[in-house]
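Please open the model in your viewer and keep the selection panel at hand. The tour below goes from one selection to the next and says what is to be found at each stop.

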Amino acid sequence: MKLGMATGEVYLRVSAILVLVLTACLVAFDTQTKVIVLTYEKKATYKDVNALKILVYITSAAAGFNMLQLCKHPVSAYSGGKFKGSYIYMAWISLFLDQMAVYITFAANSAAVEASMLAITGSEALQWLKVCNRFTRFCFQIGGAVICGYVASILMAVISAISAYKVFRLYSPKWFLRLKSR
């Protein structure tokens, strides 16, 4: 693998970690309190919607996963070719885990968008009120967090494409899934 691609992957992973942490912080620390009737106050937090709680947990886990993947790079760079046979298995495992991280993060963001749309539009059939009419700052901050989550998903999809390249460059183009002879 070329040094430029390895450096690019490190930069992408660091960027994904930063955006994932930003997403988790924007959602987790977003609260807004409004007075509803005289002395009755209602506080809106991410804990009110299960999809937002799950989004915080998944983005935090994805940031941790990418941090662990960053720790893998110095070990593989300085191993000096000792682990050639296990490299194939590690490349496949890395590809599989990268794919899982992308899909789970994208799914959590999509669930948060769906819950947010119900907060914006309400549902007359279920007698749910429009929450964002009262808690506008809260809703805007959650919207920004969801956009950051999708940016992180795109960054991780590019990382996953690099992982796929690392796996499939080991195989011969002439024979289906036969390793190249070295």
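Select R13 and E9, which form a salt bridge in this predicted model, the closest N and O atoms being 3.2 Å apart. Because R13 and E9 are four residues apart in helix 1 (residues 3-28), about one helical turn separates them. Both R13 and E9 are buried.

Keep R13 on display and add D98, which forms a salt bridge with R13 in which the closest N and O atoms are 3.0 Å apart. Since D98 lies in helix 3 and R13 in helix 1, this pair ties together parts that are 85 residues apart in sequence. D98 is buried, as is R13. Adding K166 to the selection completes the picture here, for E9, R13, D98 and K166 are linked in a network of salt bridges.

Next select R137 and D30, whose salt bridge has its closest N and O atoms 3.6 Å apart. R137 lies in helix 4, while D30 lies in the loop between helix 1 and strand 1 (32-37), so the pair ties together parts that are 107 residues apart in sequence. Is each partner buried or partly exposed? R137 counts as partly exposed, at 41% relative accessibility, whereas D30 is buried, with a relative accessible area of 0%. The count of salt bridges comes to four.

Now return to the whole chain and colour it by secondary structure. The protein chain has four helices and two strands, and, read along the sequence, these follow the pattern α-β-β-α-α-α. Of its 182 residues, 36% count as buried. Among the contacts with a separation of 6 or more, 75% are between residues 24 or more positions apart.

With the helices coloured, mark residues 12-29, 49-68, 89-108 and 142-168, which the unreviewed UniProt entry annotates as "transmembrane region". Two of these spans can be checked against the model. Residues 49-68 are 95% helix and 0% strand, with the end C-alpha atoms 29 Å apart, and residues 89-108 are 100% helix and 0% strand, with the end C-alpha atoms 28 Å apart.

For the interior, show the side chains of V27, Y46, L52, L55, A112, F138 and I142, which are the residues with the most contacts inside the largest nonpolar core, a group of 16 residues. Helix 2 (50-77), helix 3 (84-121) and helix 4 (136-168) each supply at least two residues of this core, and the largest share, five residues, comes from helix 4.

Centre the view on A112, one of the residues just shown. Which residues does A112 contact, leaving aside its neighbours within four places in sequence? They are A51, L52, L55 and V146. A second, separate core of 13 residues can be displayed in turn, with F65, V102, L155 and I159 among its members.

From A112, move to its contact A51, which lies in helix 2. A51 counts as buried because its relative accessibility is 14%, and the cut-off for that class is under 20%. Apart from neighbours within four places in sequence, A51 is in contact with A111, A112 and A115. If you draw a distance between the C-alpha atoms of A51 and A111, the viewer should give 5.9 Å, although these residues are 60 residues apart in sequence.

Select S153 next, which is found in helix 4 and counts as buried at 4% relative accessibility. Not counting residues up to four places away in sequence, S153 touches V102, T105, F106 and N109; of these, V102 is also included in the second core.

Finish on the outside by switching on a surface and selecting Y89, M90, I93, F96, L97, M100 and I104, which together make a nonpolar surface patch of about 690 Å². F96 in this patch lies in helix 3 and is exposed, with a relative accessible area of 52%. Seen over the whole protein chain, about 11600 Å² is exposed, and carbon and sulfur atoms supply 69% of that area.

Conventions. Residues are numbered from 1 along each chain as its sequence is written. This is a predicted model: local features need pLDDT of at least 70, side-chain atom pairs count only at pLDDT 80 or more; totals for chains, interfaces and linings use all residues. Side-chain values use heavy atoms; hydrogens and water are left out. UniProt positions are given in the numbering used here, feature names are shortened, and annotations may be inferred rather than shown by experiment. A nonpolar core is a set of buried Ala, Val, Leu, Ile, Met, Phe, Trp, Tyr and Cys residues joined through side-chain atoms within 4.5 Å. Buried means under 20% relative accessible area, exposed over 50%, partly exposed in between (1.4 Å probe, protein chains only). Contact means heavy atoms within 4.5 Å. Patches are made of residues with over 30% relative accessible area and no salt bridge: like charges are joined within 9 Å, nonpolar side chains (Val, Leu, Ile, Met, Phe, Trp, Tyr) within 5 Å. Accessible areas come from the Shrake-Rupley method with a 1.4 Å probe; for residues, only the protein chains shown count as cover. A salt bridge is a side-chain nitrogen of Lys or Arg within 4 Å of a carboxyl oxygen of Asp or Glu.
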